[in-house]
Amino acid sequence: MNNPYFDEPLVLVDLETTGANAAFDRITEVGIVQIDERGARVWASLVNPQRTIPPFIQSLTGINDEMVANAPTFAEIAEEVLLKLHGRVFVAHNARFDYGFLKNEFKRLGLPFRSRVLCTVKLSRKLYPAEHKHSLDTLVARHGLLIEGDRHRALTDAILLQQFLDAAQRDHGAPVVREAIADLTRQPALPPAIDPSVIDDIPETPGVYLFYGENDALLYVGKSTSIRKRVLSHFSSDHRANKELQIGQQIRRIDWQETAGELGALLLEMQLIKTRLPLFNQQLRRTRELCAWHLTEVDGSLLPKLVAMDELDLASESLRQQFIFGPFRSKREAQNTLTKIADAHGLCRQLLGLEGKPKSGSGPCFGNQLRQCRGACVGKDPLSLHNARILAALAKHKLALWPYAGPVGLVEGKGESEVMQVVDHWCWLGTVQDVSELAELVANPRPAFDIDTFKLIQTEIKRGRFRVVPLV
């Protein structure tokens, strides 16, 4: 008989483990269902993890230390497991979990392992897009799957995956299911210098990724809530943009850094781009002309003066009493903004310093002759009223000063992955997981003001998406 589900042999896998971290935790049970033209064959084994199984895991799986005490270690069954996986599409629920654990176990033993992967969570989402939940318990209830044994045991759950494939074929027909599997397991065309095994290691977690070229020159830095998905998207399109085609031709190495969430990824991406200046990142490169308008009174008129942002002490209380508007990315942007405001509100370019005075020392500005200026330059518009209109027009550009007494932490992530993004006067100082790390971080010199970091932090504080913890 032919494989009823796909054109290639499948291996349905479920693991029980001592925890969720593939780098530190260990496997306690393996359940396998092999499916090919010969039908379906099952295999399972308890595994001695050579460490204590946490009480919560014992309660969840029913596997305790006594049960695995005389079971083989993974090293003792590794070759047999590898033989059962070889040459087959690896199928699992939340497949990156099971695949990652096995890959790490094989790696510790010096055994290479790589396979095409099908995640049945993604398959369920693709075949049942109207449904919002796709956990294995949800699939059992939705499709009436029969639990043959104890739930949360490896072979029991692997057999449930086969039942789900049967249910999907009943609902959609075999051709639709085959096409969905083919689509989800289709491999991207990787650049020739990239080892496919490296792609397997890229996590499906938030963070940043870095593309390197010849001589380890940094080509590009990006961020995503799923590093692996975003990296693959660079290589999967048939009609990639010219920039991505150039990156694909030059790339020699991929690296990545995981973060607790999207905020940490955004902040780290900005920092890496501005400090390391990757070749293909232009938009977020450091702006060296950051400036602001500082209004001071001269002869009864408020006169704007351009000041560099690095000349302003953002921690100074006296700054709150001054008229500072910005920041702007360049002198040109600042002048263009002020010019548009002058024309829109009938302000005098001459008094704003945007236009020189006549050689005689006094006289109407050019805008007054065009009836764009209300005549402050010739005494028709009282200076007090002109000043008031300047402040009102610039109000939305007023420099937002730091609303806290000192550094704060924006709490991101949950449970064990919870971290604090430490920020002070709109500058990102770094990430800490424990309060013991704060002293050293806060003691470091504050980074230079950056407009993109400023806007991001300001937006997130306004949205209130993250709990703010004062650190002084």
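Two strands are said to pair if DSSP finds at least two bridges between them, and on that footing this predicted model holds an open sheet of five strands, ordered E3-E2-E1-E4-E5, in which the pairing is mixed. Strand E3 (39-46) and strand E5 (117-119) form the edges of this sheet, since each pairs on one side only. Direction ignored, neighbouring strands of the sheet are turned against each other by 20° on average.

Within this sheet, strand E1 (residues 10-17) and strand E2 (residues 27-36) run antiparallel and are joined by eight bridges; in one of these strands, E2, Gln34 is the bridge partner of Val11. Helix H7 (residues 154-172) lies across E1, E2, E3 and strand E4 (89-92), and its direction makes an angle of about 145° with E1.

Further along the chain comes helix H13 (residues 331-344), whose 14 residues reach 20 Å from the first C-alpha to the last, close to the 20 Å expected at 1.5 Å a residue. Which residues of H13 are buried? They are Ala334, Thr337, Leu338, Ile341 and Ala342, and because the buried residues fall within an arc of 135° when seen down the axis of H13, they line one face of the helix. On the other side of H13, by contrast, Arg332, Lys340 and Ala344 are exposed. The buried residues of H13 pack against strand E9 (291-298), strand E10 (301-308), strand E11 (323-328) and helix H15 (383-394). Just after H13, Gly346 takes a positive phi of about 65°.

Some backbone details deserve attention against a general background: most residues other than glycine have a negative phi, and most peptide bonds are trans. The peptide bond from Gly326 to Pro327 is cis, with omega near 5°, and Pro327 lies in strand E11, one of the elements against which the buried residues of H13 pack.

Two aspartates have a positive phi. Asp216, in the loop between strand E6 (207-212) and strand E7 (218-224), has a phi near 60°, while Asp299, in the loop between E9 and E10, has a phi near 55°. Are these residues buried or exposed? Exposed means over 50% relative accessible area, and partly exposed covers values between that and the 20% under which a residue is buried, so Asp216, at 43% relative accessibility, counts as partly exposed, whereas Asp299, at 74%, counts as exposed. The loop that holds Asp299 lies between E9 and E10, and both of these strands are among the elements that the buried residues of H13 pack against.

Key. Residues are numbered from 1 along each chain as its sequence is written. This is a predicted model: local features need pLDDT of at least 70, side-chain atom pairs count only at pLDDT 80 or more; totals for chains, interfaces and linings use all residues. Side-chain values use heavy atoms; hydrogens and water are left out. Helices (H or I, at least four residues) and strands (E, at least two) are DSSP runs, numbered from the N terminus. The expected span of a helix is 1.5 Å times one less than its number of residues. Buried means under 20% relative accessible area, exposed over 50%, partly exposed in between (1.4 Å probe, protein chains only). The arc is that of the directions from the helix axis to the C-beta atoms. Contact means heavy atoms within 4.5 Å. Axes are lines fitted to C-alpha atoms, for helices over the stretch in contact, and angles run from 0 to 180 degrees between N-to-C directions.
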